[in-house]
Amino acid sequence: MDAEVALGALSAALAVLGTVAAFLQLRRAPTLSVATPPAAAVTGNRGSRGPLVVGDVPREPVSHMRREELLTEVATVLASSRVCVLMGGRGVGKTHLAATHVRDQLRANVPRVVWVVADDVAAVVTSLADFARQAGVVGEVVDTEPAARTALRWLENEPDRSVIVFDNALDADAIARWMPQRGNVHALITTTNQEFAVFGVTVHVEVFTPVQAVTFLCSRAGVDDPGAAALVARELGQLPLALAQAGAVIRRHRWSFAEYLAGFRSMPLRSLLPRVPGDDYPRTLEEATLLSVNEVENSDPNGLVRRLIDLMAVLSEAGVRRDLLRNLHTEPASVDEALGGLANASVVGFDVTGTRVAMHRLTRQVVLARARAEGRIRGVVRDALTLLTRATEAQPASGVDLVDHIAEVWAETQAALVSDGEDDEMCVELLRLRRWSVERLTSMGEFSRAVAMGLTVFTEHRALAPSDDESIALARQELMNAYVAADRHSEAIPYAEQALADRVRLAGSDHPSTVSARNRLGYLCESGGQLDRALTIHRYNLVESIRVCGEDAPSTMGARINLASTYRSMGDFAKAVPLFEENLAENLRVYGPDHGSTINARGELARSYVRTGRADEGVRLHEENATLETDEQRADVHHSWWPQYRAAAYSAAGRHDEAIDRLRDLVRRTDDVLPHDNPQAIRLRLFLARALLAGRRHTEALALFERTVVDRERVLGIDHPSSLNARRNLGVALATTGRRRRAHLILSAVVSDYTRVLGPEHPYTRTAQANIASLPKSRGFVWGRRRRVLHLFRVGGSTVDRGGPLA
């Protein structure tokens, strides 16, 4: 009996020791649990218990927007690579996209889902360990990390599919330790960190499309007004998080979209984009944005990242060229490294070429608000001014992107400049950059925009600069240049009158600047169709220029050529041609054969020779000028002024094919570079139409004449002299091709409009009347009588044929 008791006690002791040994062995080698799971372990078929879901999979939100194209892309990626990385900035909807995919998988009876909030590595381990315990592959007393590894190995060995999501992953090295390496496990990673691209195929998650944004916002706000919703969505950059938070605010306050938009532009961002109570997203948009920004800034002890972020916030939201930002630091590689860090954190993004970097408009707004709150906005603006000033002085000249950057900096600072007299130097530089913007738009053929900006910039100068400051005159000059380039000479005349009055008041009548200002006024009067006034001004100014400046002065050359041009516009070639010849001779004597003023004088004389039937002499002079053109000028469509007249001279001399080919090339190159409604491009098409008509290509010629009328009336207005001249050209072309009835109708209407706009005695009115009088005589017209066609176009002047730039 004692032996039996002793044997029983020994057996019990051995059993206890065995249990302890098994427990210790489990702690040392957790993978043994996979080989011998407890009876309660999940084997992929939970029967009536349903799938095992560990972690908080976000529920379907109110007004959920399924993004089917992205979901399809995710499913396609996971079908082949097993790992899909959802990449994008904060608030674009990565988490909800992953959750939608998971909910779809659960409906398709996937047996296991692990949702891991992965911004903290400890949370990753805890979640996997929790899964191991709920799945029954380890006991409750097993340590966390061994349990997590057991869960990972067990998932890799299960034959049926499992889904694991690493949401908001930040540290690629840390997450790599817990990624499934094999088996039927689909892994999704949502992240702002582009370093995760090495884990698998990346699906880039962007903001909503405009249609998605409007649909979502209307539903979320409970307001059915798509038009107004589109305005709010655009203001919010179509960012899903912002739209969700804005919609909740609108619904709670029962606002209209217009009321919300008005508040958005005047109230703090946090009050109009707050965290929505009960929503899965734990932060306001401002908090989420600053979290990303601070993470990158904290990794850069030199402060370059913060300077770049601040700079991009004050420059154009359309993006900034990388080479422009490189000027911020003496070592461009440091800028590239800093931008790479920002892009990796999805704070900024590069375009497909990698040459331009952009920041979402709400990120810009958050960063700007921070700079203002911290009192750093002046320093940010000075950084921007330094950068932009260097760019405007660089060669070759920069594009219109600098104009946009300057406009953004100006918008940020102009209110403060009006009330703050301490930053005179900054104000002066900003105004200079604004004038540069008008000049740059004009030089690049953006004439409509140049005029609009010129008006604004001139108003700004008068508001901020002292009344007699030279900068006001410079801003007015840039505005007049824009008007001239846009073929809107009449609108520039009041500003030229102001400029002349200022010169007389400040410098007196006997000053060269006064002579120059009067010359400019006369030029604008002639180009604007005020020929009698222009003639009076130029006659007087030629005498004044000789008296004040001397025979050889540039202003005297300019006064003489402008007087000759006015005679030509009035149809008085008997006075015009000798003046042009005298002007060329004087330029040759004073400047020599290849000076810009001499080239201009030679070209104007050549044009007059062509207009008076001396085409061969005109061709000779034009070709002499052509030998003086540089390769750069030949390649630049902005220097098409003399090439177009050279081609017209070839046409007048009977060299039709050569003229047409040259003009087609000019039109093609201009259409590739200049805006569609650029007056220079329209004028070139008119020259081509004339050459086609002279070359007997009726159908194409008439189509171009018709197009010119439509284009000029749309761009310049129906009563603009150039629009009326285009209609007269069409009437003459119709008469030339035998369509006399329609030609008579058009020319009669043009005469009526000339009379109404310019008066009955104006040379343009008389020209159109002469065209009508010539119609009966054209009944027997044949193409061999080419000079007859040219005569119809030559009678009188045309603002189309106005002389070259003021000498």
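**Figure 1. Strand β2 in its enclosed setting.** All five of the five residues in strand β2 (residues 83-87) are buried, so this strand is largely enclosed by the rest of the structure. This is a predicted model, like every view that follows. Look at either face of β2 and you'll find cover: V83, V85 and M87 are buried on one side, and C84 and L86 are buried on the other. As for company, β2 runs parallel to strand β5 (residues 185-191), with five bridges joining the two. Strand β6 (residues 201-204) also pairs with β2 in the parallel sense, here over four bridges. C84 is a handy place to rest your eye: it stands opposite L188 in β5, and it also stands opposite V201 in β6.

**Figure 2. A three-stranded open sheet, β7-β9-β8.** Here three strands line up in the order β7-β9-β8 to make an open sheet with antiparallel pairing. β7 (320-321) and β8 (349-350) are the edge strands; each has a single partner strand, so one side of each is left without a neighbour in the sheet. Zoom in on β7 and strand β9 (residues 356-358), and you'll see an antiparallel pairing over two bridges. Within that pairing, V320 sits opposite V357 of β9.

**Figure 3. The salt bridges around E374.** R306 and E374 bring their side chains together in a salt bridge, 3.3 Å from N to O. This pair links distant parts of the chain: R306 belongs to helix α14 (residues 304-314), while E374 lies in the loop between α17 (361-373) and α18 (377-393), 68 residues apart. Both ends get some exposure: R306 has 28% relative accessibility and counts as partly exposed, and E374 is partly exposed too, with a relative accessible area of 42%. E374 also forms a salt bridge with R376, and there the closest N and O atoms are 2.8 Å apart. For context, a search of the whole structure turns up 61 salt bridges.

**Figure 4. A salt bridge along helix α32, and a network elsewhere.** D665 and R669 meet through their side chains in a salt bridge, at 3.2 Å from N to O. The two are four residues apart in helix α32 (residues 656-673), which means about one helical turn separates them. How do they fare for exposure? D665 is partly exposed, with a relative accessible area of 29%, whereas R669, at 18% relative accessibility, counts as buried. For an inset, turn to the network in which E297, R306, D310, R370, E374 and R376 are joined by salt bridges that share partners.

**Figure 5. Helix α21 from end to end.** Helix α21 (residues 447-464) has 18 residues and spans 25 Å between its first and last C-alpha, close to the 26 Å expected at 1.5 Å a residue. Plenty to label here: the buried residues of α21 include F447, A450, V451, M453 and G454. Further along α21, V457, F458, E460 and H461 are buried as well.

**Figure 6. Two nonpolar cores.** The largest nonpolar core has 77 residues, and L308, L315, L325, L342 and V409 are the ones with the most contacts inside it. Take L342 as a way in: setting aside neighbours within four places in sequence, it is in contact with V296, V305, L308, I309, V347 and V348. Apart from this core lies another, of 63 residues, with V610, L686, L692 and A768 among them.

**Figure 7. The whole chain, with its low-confidence stretches.** Stepping back, the protein chain comes to 38 helices and nine strands, and 53% of its 807 residues count as buried. Among contacts with a separation of 6 or more, 69% come from residues 24 or more positions apart. The average pLDDT of the chain is 85, and 88% of the residues score at least 70. Over residues 1-10, though, the pLDDT is below 50, and this stretch has zero contacts in the model beyond near neighbours in sequence. Residues 778-807 also stay under 50 in pLDDT, yet the model has 99 contacts for them beyond four places in sequence. Where pLDDT is low, the predicted coordinates shouldn't be read in detail.

Definitions and conventions
Residues numbered from 1 in each chain as written. Predicted model: local features only at pLDDT ≥ 70, side-chain atom pairs only at ≥ 80, totals over all residues. Heavy atoms only, no water. Pairing = 2+ DSSP bridges. Buried < 20%, exposed > 50% of the residue type's maximum accessible area, 1.4 Å probe, protein only. Salt bridge = Lys/Arg side-chain N within 4 Å of Asp/Glu carboxyl O. Expected span 1.5 Å × (residues − 1). Core = buried A, V, L, I, M, F, W, Y, C linked by side-chain atoms within 4.5 Å. Contact = heavy atoms within 4.5 Å. pLDDT = per-residue confidence, 0-100.
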